[in-house]
Amino acid sequence: MLDKGFNGRRRGASHFRDGAVVALLVLSCGLVGASELGATPSFRIDQPSQPLAESLRAIARQTGVSIVFDPGKVSGRKSQAVSGQLTASQAIAKALEGSGLAPIVMGDGSIVVRPAVAPVDAPPPAASGAVQPASPTVRAPAAGAQPVRLAQAPSPTLSDSGPGGASEITGTTAWLTRVEVTGSRLKRIDADGPTPVNVYTRADIERSGQPTLERFISSLNETSVSPGEGGLGQTTGQGSVQLRGLPLGSTLVLINGRRVQAVGSSSGNYFNLNLIPMAAVERVEIVPVGSSAVYGGDALAGVVNIILKKAISGIALDARIGSGSGIGDGSLSIGTGGSDTAGSFLLLASFNKVTPLAMSERGFFKDGDYRRFGGVDARTRSCTPGTVSSANGATLPGLSASFAAIPVLAPGLPLSISSFAATAGQANLCNSMSNGNGMALVHGTENLALHAAAERQLSASWSAFTEATFAKDRLYAQQAGALLSNVLVPASNPYNPFGVPVRVTTRLGLENGAEALARDTDFTRLLLGLRGDVASGWEFETAISTTRDDGGSRMSNTSANVAARNAALGASTAAAALNPFTTGQAASESVLKSIWPDSVRDSHGRKDQFSAFLRGALLDLPAGPLDLIAGAETARDRYQTANPGVFEIAGSRSSSAVFGEVRVPLLRTAAGASPGQELAALTLAARRDRYSDFGSADTYQAGLEVRPARTVLLRASTATSFKPPTLLQTHVGETRLTTDAYGLLDPLRSNAPVVGGEVLRATNPNLDPETGRAFSMGAVWEPESAAGTRLGLTVWRVKIDGLISLLWPQTALDNEALFPGFVTRLPGAGGQPGPVARVLYSEVNFGHVDTAGADMEVAHAWKAAGAKWSAGASATRTARHEVVLAPGAPVEDRLARRAVDYWSPKWKGRVFASVDEGAWSLGITSRYLGAYLDTAPSNRKLGNYWVHDLSATLNLKRLGLGLLAAKESTLSLAIANVADRLPEYVGTSPYYDVTQGDWRGRYVGLRLSMSW
């Protein structure tokens, strides 16, 4: 039961800490902080009197502001003529004169057209201070109609943005008359639905100070852990997300609501977020619970929908530079666009570069001796220079010990036995990983991208649209020197001064080349679609798209050719020999290249898909229209990877799906002078996916909305989800090794060593999808008595069964009955099972994860002292995170217990405050990570700290600084991690928590944005 996750395991100080955080959420309403950027732009608008719907669409296209209206309410009405230099709300108000309708400006900048009501007298500022919409718009009724928000953006949202956290979304033209939300394919006027959806705008991303999309998402409450950056993370520099701390690959990534390839040049089981150009991102929408019935496979933990820009008015320039200790980034983008009654277009070019950050830039890794933190001495002999030891354990010739540190001599001086006299019995010790540059904590990246979008009206009710994104992405890092580990140096080596074979452990100096990774990727996304009205109130849309990434990676100085290395160590001439005793050049370039050849891998991923759906009101019920969507999709995925001359793996699959979703209004108040208020509605969704390689999967989703008052929403939802095996898991290159290499023991033969058998790494053709179930229930309250306030609570639970994992051969032997066919034996004798002939090393469906918790939010926005103020807080309290990963193993409690792959802290939260005077704004966001314990069996206490971020903005235009005659010019400063908090020591390599650590430390970003 869900309530079990909230009971037990809490005593003493934990009661106080949990209570304190809840109290902080409530008290934070009294804090102050920042709001929207800049003044509302105005546009030259000249429109004749025309059908009202057409007038609203034209204003949306010209101003780039999302305009939401019910087609039934505007049908048959004509607009007034509109002429002048006007803001979007002024233009709409003018068009609506005499229609009985009025515009309402929402917190996210969108404008909702609703029946006009008599304004309610606002309370005195001293009593309320709530922000009121500017004239000529009409304030929402005091009875509190449910706020309309683009894509379910909370109002106020609990992000670090403007009033209520939502900032004006510019450049987004709402061609459709209702809001389509992530988490549902239906459109509806009241966007808060039965499933929670968290929306983060472009302004939220910029003000966070985070330089990448991955880092921004990782800082959010719903993302409990991160796979980590750099060479020590799980993803080798690929951008990814782990909602609720669940396994990598269990979160579905969409671009503009459509799926992308899961594997490609990154060679992972998930899409690489770093391929998306940051300059093109408009906002991020997150469904933090499973949602496969709406979007198909992979949505076990939830959905991250990356919305790209679709419109710009005029010319926009954005330049940014960021800097921290030892690391920096810079970006430049320029875009142009426009719109008229015939359509709109956008063209955006961008370049972004991040310099690498290596261990050598952080004193934490200086020597590998972590006893200063109360930890272990992790130093090794893999240093520059290293350590020499005898080959047989005897005393080294001419010395008093069997080993000695290799000394550093002046350039040109040869080593002799006497050179080692002072270091006999000593070893050079260091942190091997931080040798040279050290491992990459953050990879260097470069991204050059072009993004375009356009829509063209074909008739009054039909339009064609297209999107195109091209990006060239490069990742690189120069790391530690090449490693020689306990290699034998024969007496014939001209650099061996001992005259007998010796062993040397060392890392060569960077003059000989560093261990390095370089990965180049070309990313392409193309889409062409058609949408229009096929009948009164019914909309049809179809689209065809392709996404692909093609690239290659090059690993240098990481894998040695053992035969070439031994030959160079045993060579008798200096020209052909490798010198492991030096700190300088150890051999000629040709010799070094023969020992450490580059490892090259080419990979390609592609997804082609076609979709079509029909959406509209099926019939009118007493409580309102029954909205329906029905559609179908078909797709083909392809993947290929090869290391020339070593292996080549290729695979493809076809898939198809049919889906449907219906929203049934259940209750509505009696209609009087107004249309009445909806009191309850039920949403149902179902989907059937069929794959060419493993079969089909059926998923469902159900949600209930209850609105006992206009200011209150009660909601609940439940859903099933699935994740098919990836093409990497269903197309494994076969390799064969002997059982001796794995040290296997046979439990059916008294744990005798298994010798002479075979371990076969191969594909398991019987893999099934991982399956999931999700549940959420909550309430949202925007009290009438405190306008500008929002309070929300959602409890949730996510369960995943049949996890796909690689079954270790010994585990297959220990549980032979559970995995039939994995162990092949020779005939037995005397009643004893026969010896093992073969053990499969393959993926299986086994294990599960069960997590549950609650999301809380509170925020308030008001106006006082000539400024707009906002404050709020949000937190996620995870109450359960249990996993079972191995047959016969007990349930492992990973709540507030660090793991290298997936787990969750109990608490993760944010508090923000901001103030906007108009010409300037200032805000602060504080991020909290709750207390947790190190990896078992350690009980080292970690976490329980705050990280503070600052943001400030100057509207240069309002301050009278008209740069280059720009229509708008804004200078923004963001400082992430003001107190320069760095990761903590943990007890296992790499000795910091990769899932929580960010080594950038204090990071300052300065941005100049201009438009003409």
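The following paragraphs lead through a predicted model of a protein chain, from its overall make-up to selected strands, a helix, loops and a surface patch.

Taken as a whole, the protein chain contains 11 helices and 51 strands, and buried residues make up 57% of its 1012 residues. Among the contacts in the chain with a separation of 6 or more, 70% are accounted for by residues that stand 24 or more positions apart. The surface that the protein chain exposes comes to about 38,700 Å², of which carbon and sulfur atoms supply 58%.

Towards the N terminus, the loop between β1 (43-47) and α2 (52-63) holds Q50, which counts as buried because its relative accessibility is 19%, below the 20% that sets the limit for buried residues. Once residues up to four places away in sequence are set aside, Q50 touches S55, R77, K78 and S79. For S79, which is 29 residues apart from Q50 along the chain, the separation between the two C-alpha atoms is 5.5 Å.

Helix α4, which spans residues 88-96, is mostly covered, with 7 of its 9 residues buried. The buried positions in α4 are A88, S89, A91, I92, A93, A95 and L96. An α-helix has 3.6 residues a turn, so residues three or four places apart point the same way. After α4 comes G98, a residue with a positive phi near 80 degrees.

Further along the chain, 4 strands form an open sheet in the order β18-β17-β23-β22, with antiparallel pairing. Because β18 (403-405) and β22 (483-489) each have a single partner strand, they stand at the edges of the sheet, and one side of each is left without a neighbour there. On average, and with direction ignored, neighbouring strands of this sheet are turned by 15 degrees against each other. At the β22 edge, the partner is β23 (residues 502-507), and these two strands are joined in the antiparallel sense over 5 bridges; within this pairing, V487 has V504 in β23 as its bridge partner.

A further set of antiparallel pairings involves β27, β28 and β29. Strand β27 (residues 624-643) pairs with β28 (residues 647-668) over 17 bridges in the antiparallel sense, and R636 has S654 in β28 as its bridge partner. The two strands β27 and β28 form a hairpin with 3 residues between them, and in the turn G645 has a positive phi of about 85 degrees. Strand β28 is also joined to β29 (residues 678-691), by 13 bridges and again in an antiparallel arrangement, with R663 standing opposite T683 in β29.

Two loop residues later in the chain can be set beside the buried Q50. P890 is found in the loop between β43 (867-884) and β44 (892-893), and P890 counts as exposed because its relative accessible area is 65%, above the 50% that the term requires. Leaving aside neighbours within four places in sequence, P890 is in contact with V883 and V884. L964, in turn, lies in the loop between β49 (945-955) and β50 (968-976), and L964 is likewise exposed, with a relative accessible area of 68%.

L964 also belongs to a nonpolar surface patch of about 900 Å². This patch is made by I315, I334, W920, L922, L954, L959, L961, L963, L964 and W1012.

Terms used:
Residues are numbered from 1 along each chain as its sequence is written. This is a predicted model: local features need pLDDT of at least 70, side-chain atom pairs count only at pLDDT 80 or more; totals for chains, interfaces and linings use all residues. Side-chain values use heavy atoms; hydrogens and water are left out. Two strands pair if DSSP finds at least two bridges between them. Axes are lines fitted to C-alpha atoms, for helices over the stretch in contact, and angles run from 0 to 180 degrees between N-to-C directions. Buried means under 20% relative accessible area, exposed over 50%, partly exposed in between (1.4 Å probe, protein chains only). Contact means heavy atoms within 4.5 Å. Patches are made of residues with over 30% relative accessible area and no salt bridge: like charges are joined within 9 Å, nonpolar side chains (Val, Leu, Ile, Met, Phe, Trp, Tyr) within 5 Å. Accessible areas come from the Shrake-Rupley method with a 1.4 Å probe; for residues, only the protein chains shown count as cover. A salt bridge is a side-chain nitrogen of Lys or Arg within 4 Å of a carboxyl oxygen of Asp or Glu.
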